[in-house]
Every structure is written in structure tokens, then in C-alpha cells.
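Let's take a walk through the aromatic rings of this model. Have the structure open beside you as you read.

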Amino acid sequence: MQRTVFFLLVVFTFACNSQNSKMMEPSYTNDLINESSPYLLQHAHNPVDWKPWNQAVLNQAKKENKLIIISVGYAACHWCHVMEHESFENIDVAKVMNSDYISIKIDREERPDIDQVYMTAVQLMTGSGGWPLNVVALPDGRPIWGGTYFRKENWVEALQQIALLQKEQPEKLIEFADNLEQGIKESELISINKNKIDFTNSFIKAQVEKWSYEFDHKKGGTRKAPKFMMPNNYHFLLRYAHQTNDKNLLSYVENTLNQISFGGVYDHVGGGFSRYSTDTKWHVPHFEKMLYDNAQLISLYADAYLITKNDWYKTVVYQTLDFIQRELTTKDGIFYSSLDADSTTPEGELEEGAFYVWNKKELHELLENDFELFSNYYNINEYGLWENNNYVLIRNKNQDAFIKEHQIEKTILNTKIKSWQYLLRTTREKRSRPRLDDKSLTSWNALMIKGYLDAYRVFGEQNFLDIAIKNAQFIKNEQLQKDYRLFHNYKNGKSTINGYLEDYATVIESYISLYQNTFDQEWLSIANQLTKYTLEHFYNDEKKLFYFTSNLDPKLITRSIEYSDNVIPASNSIMAKNLFLLSHYFDNTTYLDISKNMLHTIQPNIENYPMGYSNWLDLMLNYTDNFYEIVIVGNQALKKTHQLQSHYVPNKLIAGSIKNSNEPLLKSRFTVNQTLIYTCINNSCRYPVETIEETLELINQ
């Protein structure tokens, strides 16, 4: 891409030396007012002639031969709001945009397929990406220029130069679009792995050792800022440390989980996690709260509790679920998407973190005699200071160390902490609240189902299971159609947007988990039908991977394949794990072969960047270590399952029934008046036992 970047510089050098064209003062009609996306509605009163992405708008651009501005963001994005205020609310900027461009606003959470294409383009052009994402494209939609956040002056200057070049030398833009389009398509290429399939523990060990050079053993996470939680990374490392009995690695993961949950990225007043930390000590967050982060972190901290029995991890899970129930759940049990990073100050200004931060005077007045103890616990000092004399609550000691240092009884301290949290939360509720993104995404709801189920699996709270089932029923009744096609979006009682691979992969995953916790065969059957649909409409047999979009969707510049794990695991890695499990449940060797080939295809990429493929490495552990089919059959099957789930055994699947069944793993295993537990590896089963203790002995052998 060096050649194309050089070409782009030549283009704009030419443009800068040309005379500016005269601008007509246009009228505008902002069409976003008719949309349901909270992000698009935030822009519905801009003087920019915004339009949503649809075929009619794209046809209009071709017909009028107008360049297209494609601006992508999401409702909780702080820098999206900054650019809106500086540029898109400015009448002079709007005149530039409206005169020579057709401007399209996109909610990246509604249309991740479009976002992926133009994000790839910007990454090729600039070497980095992020949101807001702003791209200029030819009338046919092919990108020619872009970046993330732009200051007003830079944005206007660039748009004027590109518009002038379109008038005077359009062939140069077409040439650049051709080169960039080729670059985008080349970046999507997946090489066929021609080596023999070979999954080994030594390979996994080598990747973890390579990855470990990035570990921050003092502050947790990786040795850089900003720091993202990346829950799937630590879920894999937690499992790997447990299965290999690696005490040092387990200590690193525990320290990371402690530092994250002690830091300001965790809301010590209201529960729940912000999206990432802007610094190395997890102190000052980017204050937006996303459903997908919290869902996965609940699962992670629940499993960490199983291994460590650290009561703080249980507290984190319960407080985070309280936050989800209180602020991101409808009365119908549907989960909203996010809370904004920004909220309004008493002076009427929209400011990042305004809802969450505290000043010393305010805390003095609220806490009175408890202020000194509170200040020591949450660091209302230089360590906890952010900016403008505001503090972000952060801990730097575990509770035992704090109790010893301050000579206070544990019960008294815990009582005080609860009273502090109630007092501060009550006070905070009087402030202007962050804006809510009240659309519901199928994939994120499915992640939250999994979070609730993992919490139920570990802690046994019936309410957690009830909430998970309620949301699973919502997806089944509202988002799932008769042909097993899923919708991606739900808002105001209306389902929209054809589902993406992420929707199918996460729903299948959550329904498998729901079966494992209830033994209700319906959920497993739906998961199987969804898998069949996905294979028909998303799978590429040549590349041995799934496309992100269905073959029923309108074509974009390229049909992308999402295969590297990020803040959410890649839809392909989730799908590969689903196929592995379903191959066991339905005795389906085709599913197993596809799962193996997917992992084999990705294996060379893992060697280049292990931390970007943690969910794939987790799948590889299923092949390299013993993987147990644990089948529990009889009228006490659910009770015994709950007993088993109180132990951390990540290399297993569970099947069961309280009655006779002809399903592959259950057939001919029911015995009246007995509950038997079968432990099997590779179609070879041990003699059935009746207690969980005996089952664990078989596994530990």
C-alpha cells in the first residue's frame, strides 16, 4: 500500500495548488429523522443533508455522479459526539458537505458489514482505524480517502480539495479507487493451509510463550495503553493455566482480573464495566458502557471464581448483573446496547464522564466522618486524580491488606462500603444521565444470555436462569423466522436487518449453553437448525470459513470474512467451537470435519499474532487434551449437573435427560429409579457411576 499512499499524497498536493471552486449555498433535508437507530437520530437535526444507507441513495449518487461521504459511528462514542459538535452541527461545514457530496450516516452496530469494508480501507490508507470513521467514496461506493476523527478545518479543507479534483481530474480518483479496491480484496484473502492437520500442545505452549512477552505482570493486561479488557484472551489463559497447572500464568491472569476490577474501568458505585482504560493502570476509562463487554466479563469472572473462590469476583459478577438489570434491560427481558460516554454537566455542556466522576468537596459533604476512610479505600488523592480536580474511584489494595493497614473489622468495612455505594448511587441518579442506546442487537443479546447462564452455572441463582430463558424466548419469538433466518436488530417492536454471522454464531452458542443448563432439547434442536442454515447461506467450502454476510444480502465491495478475535471473538471462531460441540451432540462427522478445517486454515495466522486468536487456541485445546462427554441420565440429572458445575472442568460438554431419549448421546442410557453418569472420551465410555465425586475421579485420572 506504500504506492497507493504516495499516490494519495500526490493527488492532494495537486489539489492544494488548484484554485478553490465557488460554493453554492444549498438547502438541506436531513432524512435521519425517519430512522430508529439512536445514533442516527442523534444526527437527525444536523444541517447536513444526511441520508441512511440504502439502495435508493446509492443509485442517486450514481445518477447525479456525486461523491459520497460515508460517516460511521455509534451512539456511545465520545469522539463521534465531538466531531458532530465541531463539524456536523456547523452550518458552514454543512454547506461544503451538501454542495458536492451525498452524505450517508451509518450506525456501525446496525451495519457491521459496511463498517468492516470501509474500516479496512482506512487501515490500508492510514495504518490505523477507529470511530468515528469517515470516508469519501466515488459514486459507485469505492473509497478514495478517509480517516477517523478530523478537526473541523482539516475536514473542510480535505472535502474541498477532493471535490475540486473530482471536477478537474476525476481519472486520478478512479485510478486510486482501483488500487485501493484491489488492496481491500487482497487483505480479505485467506491462504489455504496445505500442511497436514497437526494440533499439538507444543504448538499452543509456543504461542502462549510468545504472547507472554507482552504481559504486564505489575498492572495486568499488556504493556501498553490504551488497555482493552479482551475477556476472551483471559478466558483462554485461565483455562490453559488450569489445564497445564501453570501457577505463574494463573497468577498473571488473577492479577489482571484484580487490576481491572479495582480500576476505574469498573464502576465501584453502580457496577458494570466501561469499554477500556486510557492509561496503563486501568484508572480512567472511556466511560461508555457496552453490553457485549459486560456480558463476556460476567462469564470470565464467574469462571475465575470457580478456580480461585475469590469472593471479590463473585461480588463483581453480582454487581454487574445488577447494573444490567437496572439500566440495560427492558420489562420484557430484552437487553439494550449501551450507555453513552458523555452526559450533560450542570452547566449544560455535554462532557465525557460527567455522570461518573467526583470532586473532593462533594465527597466531603456526602460522607462526612467517613470521608477519610473512603478516601483511603478509593484513592481520593493524587493516585485517583483525573483532571479538572475530578476523581475516578480506584482501589490499589485488596480488602485483606486494607483491613490490616487500617485496623478495621471486615464486617464493619463491608457495611460501610455498601452504605457508601448506596449514598453515592442515590446522589448520582440526580445528575443528568448518559444517553441510552435502546436498540437491541441479536448477537449482543445472545452474549448476555451466555453471561447469565455462566453466572447461573457457577452460583446457582434461579433468577439468572429465568432471565436467560426469557431473553432466549424473545430471540426465538421475534428474531427467528420459520426458515431459521435471523434478524440482527430490534427496536420499538420491529425486527430489521438480515442477520450476520455473528448473530447466528452467538445465538447457537447461547442455545447450546441453555441446553446444558436445562436439558431442554428444544434449544439444542434450534441450534442445530441454525447451523444448517448458516452452512447453506454463509459457508465458503474453498476457504473453509464462513462469510460475515449471507448470500441473500446485497453485495458490497467485498464479502468479508471475520476470523481474528477482538473485543468480541471472531464469528468464525465461535462458529468453529459450535460445530465441534454439535458434532458430539448429533454424532455428525461433517460438523467435526468443518470445525477441524477451519482451525487448520487459521493456524498459520495464530503463529503471527497469538493474542488475536485466543478463541481459536481455546478450540485447539479441545483437540490436544482430553475432551469429556459427560452424560447424566435419570430423575436427579439436573441436581447432579448443578453439583458438577460447581467444579471448573472447561474441557467437557454435558448432555442429559430426566427420561428416556433417542438422542445420540442419550440413547439406551436411561434406567428407571437410577441416575447414572457416563464419562466418555472419543466414543469410549467408562463404566457409569452415580456420584459427581466418582465422575471427577475419572476425569482427574
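**Aromatic rings and their neighbours**

W50 has a relative accessibility of 0%, so this residue counts as buried (under 20% relative accessible area with a 1.4 Å probe, protein chains only; over 50% is exposed, and partly exposed lies in between). Before going further, note that this is a predicted model, where local features need pLDDT of at least 70 and side-chain atom pairs count only at pLDDT 80 or more, while totals for chains, interfaces and linings use all residues. Residues are numbered from 1 along each chain as its sequence is written, and side-chain values use heavy atoms, with hydrogens and water left out.

Rings of Phe, Tyr and Trp (its six-membered ring) pair if their centres lie within 6.5 Å; planes under 30 degrees apart are stacked, over 60 edge-to-face, and the rest tilted. By this rule there are 45 aromatic pairs. In one of them, W50 meets F88 edge-to-face, with 5.0 Å between centres and 85° between planes. The two sit 38 residues apart, W50 in strand 1 (residues 50-52) and F88 in helix 4 (residues 78-88); helices (H or I, at least four residues) and strands (E, at least two) are DSSP runs numbered from the N terminus. F88 is buried too, at 1% relative accessible area.

Next, find F199 and Y623, a tilted pair at 5.4 Å centre to centre and 45° between the planes. F199 lies in the loop between helix 8 (170-187) and helix 9 (201-212) and Y623 in helix 24 (residues 614-624), so their pairing ties together parts 424 residues apart in sequence. Both F199 and Y623 are buried.

Ring pairs also join W211, F215, Y234, F236, Y240 and Y252 into a cluster.
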